[in-house]
Amino acid sequence: MNIESHYRKIILLFVLVAAGIFMAAIDIKPLYVDPYKLEYPDYFGNRISIPEDNPTTKQGVYLGRMLFYETKLSSSKTISCASCHQQKLAFTDGKAFSSGIDNMPTKRSSMSLANLLWVRNFFWDGRAKGLEEQAKFPLNDPHEMGNYVNKAVKELQKTKEYPILFREAFGSAEITGDKITKAIAQFERTLISADSRYDKYLRNEYKPSEQELKGMELFMNSPIPEKNIRGANCAQCHGTPKMYMELFHNNGLDEEPKDIGREEFTGAANDKGRFRVATLRNIALTAPYMHDGRFKTLEEVLDHYNEHIIASKTLSISLRNNSNNINGKNLGLTTDEKSNIISFLKMLTDSTFISNPKFSDPHLKHAINN
Amino acid sequence: MKNELLSFVLITTLFFSSFHNNVVAQNSSKEAVLKVEGEVLKPLSISASDFAKIPHVQASMKNREGKLQEYSGVPIIEILKQAGVTLGKELKGENLTKYMLVRGSDGYEVVFSLVELDPAFTNRIIILADMKDGKPLENGVGPFRLVVPEENRPARSVLEVSHLIIRFAKD
């Protein structure tokens, strides 16, 4: 009788332990429970890049946003991604060259971040395939963020909030460098700018001024002086509503460039002085311009393309022999035409994008709430 | 003694040959290559100098101003045959959904369906040219340029071709 009751107790205990383990097991949140809906206009097309091993989820995006603004990722604890990519400036920093942890200037101007979902090769020279790969560069650079990831991983692991956020985003509370770059990439994919006056014009919600319309026409047209068609040929490389094409061109800045651009990465002589065709979205906010920030204003940029293209072996074919005058030596736009084009470029400023609370510093929100 | 002499000769030769290689490497940057990859049996990487040895044909196309220009190069079909792409009798069934993505070194990309390239389907011969008027192609155009005859706009005649990539169209 006594022995039987012992057996019963042991069986009961066994059942309880098994049930406990089972309940603990089902308590582990399944991965990627809340997909993040990336919304964008049809005219952007669907040639987007999201790696299979890093789907965009609400939890991943939130974690990525926390990390994007996290200064603990730098050795000096002063620099985050947002130091060089500030929302109010369409995620650039207003400087020709940024400075990182030790105030050493970076080699190139920090790029504006918008509509990265469609970009396949990142940086001015296209050296990083995918946002996950891109994020590793500034984190591991000794001058930008101080190559601090491995130590930052340990420090974040000790915090109260991060292990929970990593668990929610990736199913386990273990923090790794790989997960950090994946989460940052997820957040960056959500930085979609599609609410400028130009977008509203494309959606028939905005009637551009006469000056804007003239500028738009010049922007889109290639000049054919024989047929009296005036144009600035901008759309050759910046056409399509995304305002860039994924091309790497030498845009005639120097005959012998100090910074050889894409050649450094590919080793190919025909890539000398070639840099990414940057997006023109929010261009009025992202001065100074070019990979080295040599132009302070849009007027200077227009003057460059109109009058100061420097010929070299690798000068883009799109920038050779273009003129609004028969046998003209340069593009030949008038002062009025240049200012019309600038009016059109200002249509690309998206004030919703630069004030969207979804993209702002979540740490500040905590501070305010507390 | 004989052995010592032999090894001396060998070491001297090696020294000079490696010295020569270094000099060559310093004087020239990487030679441009054409890569053929994707749905191929044998991925290829053809240098400009090897390309010049493949039998050439002529093809002509209009430039932007509408002037007919004569190029010399290798029919795309011959390059794809070397890479073991499904052509001729094999170009049927699901293989009819294959396309060739052509990429220039500046990132420019266009596509052709395999059917557009195969003489079993079309008489138009698209070539990858490396010469125009008996001379190598100019900077920004060569070393390889696609020449697509009989098109109203030269947009698919890609300049500075670096990759031919064969893929299945997947819906």
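This is a walk through chain A, two of its lysines, and the strands of chain B. The model is predicted.

Start with the whole of chain A. Its secondary structure comprises 15 helices and four strands. Along the principal axes, its C-alpha trace spans about 115 × 45 × 40 Å. The chain has 370 residues, and 48% of them count as buried. Now take the contacts in chain A with a separation of 6 or more. Residues 24 or more positions apart account for 66% of these.

Next comes the surface of chain A. The accessible area is about 19,200 Å². Carbon and sulfur atoms supply 56% of that area. Charge can be summarised by two mean positions. Chain A carries 48 positive and 45 negative charges, and their mean positions are 3 Å apart.

Two lysines give local views of chain A. Look first at A:Lys182, which sits in helix α7, residues 177-189. Is this lysine buried or exposed? The cut-off for buried is under 20% relative accessible area. A:Lys182 has 15%, so this residue counts as buried. What does A:Lys182 touch, leaving aside residues up to four places away in sequence? The partners are A:Asp53, A:Asn54, A:Glu132 and A:Phe170. A:Val61 offers another long-range reference point. A:Lys182 and A:Val61 are 121 residues apart in sequence, yet their C-alpha atoms are 9.4 Å apart in space.

Now turn to A:Lys207. This residue belongs to a loop of chain A, between α8 (197-202) and α9 (210-220). Here the relevant cut-off is the one for exposed, over 50%. A:Lys207 has a relative accessible area of 75%, so this lysine counts as exposed. Its separation from A:Arg197 is ten residues in sequence. In space, the two C-alpha atoms are 8.9 Å apart. The two lysines thus sit in opposite classes: A:Lys182 is buried, whereas A:Lys207 is exposed.

Move to chain B and its strands. Five strands of chain B form an open sheet, in the order β2-β1-β10-β5-β6. The pairing is mixed. Which strands lie at the edges? They are β2 (44-47) and β6 (109-113) of chain B, each paired on one side only. From one strand to the next, the twist averages 15 degrees.

Follow the sheet inward from β2(B). Its partner is β1(B), residues 33-38. These strands run antiparallel and are joined by four bridges. Within this pair, B:Val33 stands opposite B:Ser47.

Another set of pairings involves β3, β4 and β7 of chain B. Strand β3(B) covers residues 57-62, and six bridges join it to β4(B). The two run antiparallel. B:Ala59 faces B:Tyr71 of β4(B) across the pairing. What do β3(B) and β4(B) form together? They make a hairpin, with five residues between the strands. In the turn, B:Gly66 has a positive phi of about 90 degrees.

Strand β4(B) also pairs with β7(B), residues 127-132. That pairing is antiparallel too, over five bridges. Here B:Pro75 stands opposite B:Ile127. β4(B) thus pairs with β3(B) and with β7(B). How covered is β4(B), residues 68-75? Six of its eight residues are buried, and the strand is mostly covered. In a regular strand, side chains alternate between the two faces of the sheet.

How values were computed
Residues numbered from 1 in each chain as written. Chains lettered and ligands numbered in written order. Predicted model: local features only at pLDDT ≥ 70, side-chain atom pairs only at ≥ 80, totals over all residues. Heavy atoms only, no water. Buried < 20%, exposed > 50% of the residue type's maximum accessible area, 1.4 Å probe, protein only. Contact = heavy atoms within 4.5 Å. Areas by Shrake-Rupley, 256 points an atom, 1.4 Å probe, with all protein chains shown as cover. Lys, Arg positive; Asp, Glu negative; His and termini not counted. Charge placed at Lys NZ, Arg CZ, Asp CG, Glu CD. Pairing = 2+ DSSP bridges. Axes fitted to C-alpha atoms, helices over the stretch in contact; angles between N-to-C directions.
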